[in-house]
Amino acid sequence: MSLIKLIDLPAFCDERGGLVVLEEENTVPFEIKRIYYLFDTKKNVSRGFHAHKNLKQLVVCVKGSCQFILDDGFCRDSIVLNSPKNGLVVEGLVWREMHDFSDDCVLLVLASEKYDESDYIRNYQEFLELVYEQE
Ligand code: T46
C-alpha cells in the first residue's frame, strides 16, 4: 500500500483563472491550527528529514514543483508535487524529505497542531526505533 494519499482539491477554473478552496472538514481532514509555506528554496537544497509524533498535514504545491518522499520505516514512496489542485495528506509516524525544488516553488502546509519542536523526530535511527517499538 502506498504512503501517498493525494486528494483532489475543489478547483473553480474559468476564463479568468483558477481558484482552489481549502475548507476545514470538507476538504481538509482535520482542524487547521497552523498554516505555513516554504518559498525561495535554494538550488540542490533538500528539506525535511524528520518525522512528527502527532501531526496531520495537508501539503499543496501552489506554484512550481518539488519531490516529496514519505517513509514509514518499511516502505519509502515518493511523489512529484506540481499542481495547486492536489493536496498530499501526511499523517502518522512517517519520515518526510523534500527534494528538487523548482526555483519558483511555493509549498503550502496546513497543520493540525501549533508549532512544537518536541513533536519532531529529527534523527532517522531514533525514528526507526520508535516505529519498531510501536509494532
Ligand atoms: C514539515 C515540512 C513539510 C517555526 O518556528 N514554526 C513553524 O511552524 C515551523 C514549521 C518552523 N519553525 C522554525 C523551526 C526552524 O528553525 O522554522 C525553521 C525551519 O523549520 P524546519 O527546518 O523544520 O523546516 P523544514 O522545511 O525542514 O520542515 C517544515 C516543517 O517544519 C515540517 O513540520 O513537515 O516543512
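In what order do the strands of the open sheet of five strands run, and is their pairing parallel or antiparallel? In this predicted model, the order is E1-E9-E6-E11-E4, and the pairing is antiparallel. Strand E1, which spans residues 5–8, and strand E4 stand at the edges, where each has a single partner strand, so one side of each is left without a neighbour in the sheet. Averaged over the sheet and with direction ignored, neighbouring strands are turned by 25° against each other.

At the E1 edge, the pairing can be followed to individual residues. Strand E1 is joined by four bridges to strand E9, residues 86–90, and the two run antiparallel; within this pairing, Ile-7 has Gly-87 of E9 as its bridge partner.

The other edge strand, E4, leads to the ligand. The shell around the ligand consists of Arg-34, Tyr-36, Leu-38, Arg-47, Gly-48, Gln-57, Arg-96, Val-109 and Tyr-115, and the elements that give two or more residues to this shell are strand E4, residues 34–38, and strand E5, residues 47–52. The largest share, three residues, comes from E4, a strand that also stands at an edge of the open sheet. Sorted by class, the residues around the ligand comprise four nonpolar, two polar and three charged ones.

A record places these features in a wider frame: an unreviewed UniProt entry carries the annotation "domain: Sugar 3,4-ketoisomerase QdtA cupin" for residues 4–130. In the model, that span is 47% strand and 6% helix, and the C-alpha atoms at its two ends lie 21 Å apart.

Terms used
Residues numbered from 1 in each chain as written. Predicted model: local features only at pLDDT ≥ 70, side-chain atom pairs only at ≥ 80, totals over all residues. Near = placed C-beta within 6 Å. Nonpolar A, V, L, I, M, F, W, Y, C, P; charged D, E, K, R; others polar. UniProt positions renumbered as here; feature names shortened; annotations may be inferred. Pairing = 2+ DSSP bridges. Axes fitted to C-alpha atoms, helices over the stretch in contact; angles between N-to-C directions.
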